[in-house]
Every structure is written in structure tokens, then in C-alpha cells.
Amino acid sequence: MFSPALTTISKSKDPLRIAVMASGKGSNFATLLKCTEKNIINAKVCALITNNSDSGAFKIAKDNQIRTYLLNHKNYNTREELDYKIIENLSKYSLDLILMAGWMRIVTNILIDKYKNRIINIHPSLLPSFKGFDAIQQALDAKVKITGCTYHIVVPDVDSGKILAQAAVPINSIDNHHSLKERIQAAEHKLLPYAISIAGNAIREG
Ligand code: GRF
């Protein structure tokens, strides 16, 4: 586990203001909430954006009284239109960071420019290896012995922005998609406070 010295936001007493964008299970979202509750990171989760009312993330937000914006991508004609709607909803929060924790939609320059260097994505590989769809299967197919997870800044090219933090996960000969995904997600959860601290300190330092 990381030491408190590494995981605590040290540059300011004001909590980092974070919104989460998530489409799925929400285990990283839940980890972020737990880290803020336990003061492992000095942050406030202001809102969740989700495109899926059946998602675990949606339920976690409800259970924790986190303001939730359900924006179904099918209701928008273009990716840009959806991004404008996201901005409209988030602009009232004076956000420091947006964490994409399993947000299954490509975002456009509209959102990326509005929150330049403030949007973080979690990708289940050691970037720059295995960008894009199903990085876990890509690693299994490539028969590599080590994969992992990466926290990186979101830029227009998918899975290509500045790397904030990474953790390696060995692949065993008996691994399948399920078992490997479980270990990668455990690594993501462990790394989350450190990655948020790195991003937060960079922002507070300007
Ligand atoms: C994470 O494993 C992340 O690597 C990928 O989406 C997954 C989301 O998982 N981008 P969860 O919804 O946080 O459990």
C-alpha cells in the first residue's frame, strides 16, 4: 500500500473538486469515494455523469447521495452535442479534475479543451501498449507476461495523453480474461489515490 505521504494532497488545504464519468460497474468510482471518506485523499466528489441507468456507478452514486446526471448518448445526434451537455451540467462545480472511470464513449475536443489537462482516464494496460478496445484481451492474445493499468491525461488521440501513474500486473499461464481483469482492477484501485494526488498537485501548482 502507498504511504500517506504519497497519497495525500499536500499542496493545498482546499479539497480537490472531482467529477466522475462512468458507464459500468463503478468499482473505481467507489474506490474514489472511499478514499475521500477516509481522508486518504483530500477531495470532494461533486457529481457523476453516466450514460447508463443500469450501471453499478449509477447505484453507487444514489447510495452515496452524489448528484448524478444521466445523459444517454442515444439522445444526442453527435458526440459534440453530448459533450456540450456534459459541460452544461458540470460547469457549476468549479472542477479541478474529471475522472473517467470506465466511461465507454469517445469524447471530443469540446470537452477536452474545456477541461484541458484536467481529465484523467484509467486504461487497463501499460500504455503505450494495447490502446483502444479490450486491452485485457489484447494482452492475452499477444501472450505478454506483464500488463497493468495506466492513469493518463485525456487528449484527442485515444489512450495517448501524458502518463500520470502506472502499475504492472504479471500474467500467469492459467489466466483468463476474468482473472486478469480482477487483478488489473485491484491494481487500479490501489493506484488511484496516488494518481489523483499527482494530477491534483500538478493542477494546484499551475
Ligand atoms: C476499469 O477497469 C478501467 O480500466 C476501464 O474501465 C474499467 C471500469 O471499471 N477503463 P469500473 O466500472 O470502475 O469497475
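How many nonpolar, polar and charged residues does the lining of the largest pocket have? The structure is a predicted model, in which local features need pLDDT of at least 70 and side-chain atom pairs count only at pLDDT 80 or more, whereas totals for chains, interfaces and linings use all residues. Residues are numbered from 1 along each chain as its sequence is written, and side-chain values use heavy atoms, with hydrogens and water left out.

The largest pocket (an open set of points on a 1 Å grid over the protein atoms alone, where a 1.4 Å probe fits, with protein on both sides within 12 Å along at least five of seven lines) holds about 1000 Å³ of space. It is lined by 35 residues, of which Gly102, Trp103, Met104, Ile122 and Pro124 are the closest to its centre, lining residues being those with an atom within 4 Å of a point. By class, the lining comprises 16 nonpolar, twelve polar and seven charged residues. At least two lining residues come from each of α2 (27-37), β5 (119-123), α6 (135-142) and α7 (177-204), where helices (H or I, at least four residues) and strands (E, at least two) are DSSP runs; the largest share, four residues, is that of α7.

The axes of α2 and α7, fitted to C-alpha atoms over the stretch in contact, come within 10 Å and cross at roughly 45°. The two helices α2 and α7 are therefore oblique to each other, a term for angles outside the ranges under 35, over 145 and 65 to 115 degrees. In their contact (heavy atoms within 4.5 Å), Ser27, Asn28, Thr31, Leu32 and Cys35 of α2 meet Gln185, Glu188, His189, Leu192, Pro193 and Ile196 of α7.

Definitions and conventions
Grid points are joined across faces, edges and corners, and a volume is the space filled by probe spheres set on the points. Ala, Val, Leu, Ile, Met, Phe, Trp, Tyr, Cys and Pro count as nonpolar, Asp, Glu, Lys and Arg as charged, and the others, Gly among them, as polar. Axes are lines fitted to C-alpha atoms, for helices over the stretch in contact, and angles run from 0 to 180 degrees between N-to-C directions.
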